[in-house]
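Let's take a friendly walk through this protein and the molecules it holds. Keep the sequence and the 3D view side by side as you read.

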Amino acid sequence: MIRLKNQAEIDRIRESCRMLSGCFAELVPLVKPGVTTGQLDEAARSYIVSHGGKPAFLGYDGYPASLCVSPNEVVIHGIPGDRRLVDGDIVGLDCGIDLGGYYSDAAITLPVGKLSAEMDKLLRVTRECLERAIAAVKPGGRIHDISRAVYGHALANGYGVVRQYCGHGVGLAPHEDPQIPNYVSPGPNPRIAPGMVFALEPMINLGKGDVRLLDDGWTVVTIDRKASAHYEHTLAVLPDGSVEVLTSWTWPY
Ligand code: MF3
Ligand code: CO
């Protein structure tokens with residue numbers, strides 16, 4: 001069941017998203033060669049709690065951190081720890097905040113130092129996939145319009161699209177209906193309507209789209225161990241039918 005949000009609820013979700021955007025603004029400059037993934041998690045946690053929010057991922061299904069930190073071949077849900085980022089890495093940061101029961105969710109993949117042309121293009125095209133996904137959100141349209149926009153752009157660039165994980169509804173819980181696949185699927189294809197709040201999150205691989213789960217039960221890696229990128233925004237279809245992107249992060253260049 002898709003929960004439609006009224007204006008007052010969207011206003012509260014927007015506050016949660018503003019706090020999350022502030023958290024990302026704090027994290028982006030910390031991403032440099034030598035930083036550990038655990039230090040990034042600690043920075044996210046301390047930002048969120050000092051601003052009166054709760055890290056939405058911490059303890060969710062037993063997830064042990066406030067931030068997912070996913071370098072290179074890690075697609076999503078990397079558990080932060082002692083790994084040190086090095087020049088030429090890419091790293092995905094994914095975070096969510098529970099602000100009095102209103103949930104935000106966003107992710108960015110950042111360069112660490114200087115990237116190869118191949119990595120640089122993967123990040124650019126994956127950002128474009130998210131932009132195209134957002135542009136496909138139209139009241140009266142369908143969820144698969146979003147899926148098609150992402151899939152077409154990734155495929156045109158020769159990349160693999162992750163199928164096991166999807167975008168989703170968000171706002172009154174960390175994950176709500178509908179599922180929003182990044183590929184054209186035979187599954188449910190609901191109509192987009194005012195009051196819907198979505199987290200759109202293309203996960204795009206340099207190689208094959210196939211992934212596997214590591215033994216820690218969380219870390220999702222590409223099957224060919226080639227790099228993967230992930231960007232995510234929370235957005236709302238307002239009661240008047242306009243679309244508002246509620247989270248923001250700033251690209252460092
Ligand atoms: N943004 C991710 C998602 O929507 C965050 C989930 S991590 C978890 O799937 F720890 F909360 F599960
Ligand atoms: Co999400």
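## A loop with an unusual residue

Asparagine 72 sits in the loop between β2 (67–71) and β3 (74–76). Take a look at its backbone in this predicted model: asparagine 72 has a positive phi of about 45°, although it is not a glycine.

## A cis peptide bond

Another backbone detail is found at proline 178, which has its place in strand β8 (residues 176–180). The peptide bond that leads from aspartate 177 to proline 178 is cis, and its omega is near 0°.

## The pocket of ligand 1

Now turn to ligand 1. The space it takes up is the largest pocket. Which residues are around ligand 1? You can find Phe57, Tyr60, Tyr63, Cys68, His77, Asp94, Asp105, His168, His175, Glu201, Trp218 and Glu232 there. Sorted by class, this shell has five nonpolar, three polar and four charged residues.

Some of these neighbours come with distances to nitrogen atoms of the ligand. An N or O atom in the side chain of aspartate 94 is 2.8 Å from a nitrogen atom of ligand 1. For aspartate 105, an N or O atom of the side chain is 2.9 Å from a ligand nitrogen. Glutamate 232 has a polar side-chain atom 3.2 Å from a nitrogen atom of ligand 1. How much of ligand 1 does the protein cover? On its own, ligand 1 has 330 Å² of accessible area, and the protein covers 94% of that.

## The cobalt site

Ligand 2 is a cobalt ion. Which protein atoms are its donors? They are Asp105 (OD), His168 (NE2), Glu201 (OE) and Glu232 (OE), lying 2.1 to 2.2 Å from the ion. Along the sequence, these donor residues follow the spacing D-x62-H-x32-E-x30-E. Try tracing one pair on the chain: aspartate 105 belongs to strand β5 (residues 102–111) and histidine 168 to strand β7 (residues 167–169). The two are 63 residues apart, and the pair links distant parts of the chain.

Here the two ligand sites can be read together. Asp105, His168, Glu201 and Glu232 are donors of the cobalt ion, and they are also among the residues around ligand 1.

How values were computed. Residues numbered from 1 in each chain as written. Chains lettered and ligands numbered in written order. Predicted model: local features only at pLDDT ≥ 70, side-chain atom pairs only at ≥ 80, totals over all residues. Heavy atoms only, no water. Near = heavy atom within 4 Å. Polar contact = N/O pair within 3.5 Å; in protein donor to acceptor, adjacent residues only side chain to side chain. Areas by Shrake-Rupley, 256 points an atom, 1.4 Å probe, with all protein chains shown as cover. 1 Å grid on protein atoms, 1.4 Å probe; cavity = no way out; pocket = protein on both sides within 12 Å on 5 of 7 lines; lining within 4 Å. Sits in = over half its atoms within 2 Å of the grid points. Nonpolar A, V, L, I, M, F, W, Y, C, P; charged D, E, K, R; others polar. Donors = N, O, S within 2.8 Å, 3.2 Å for Na, K, Ca; no water. Helix = DSSP H or I, 4+ residues; strand = E, 2+ residues; numbered from the N terminus.
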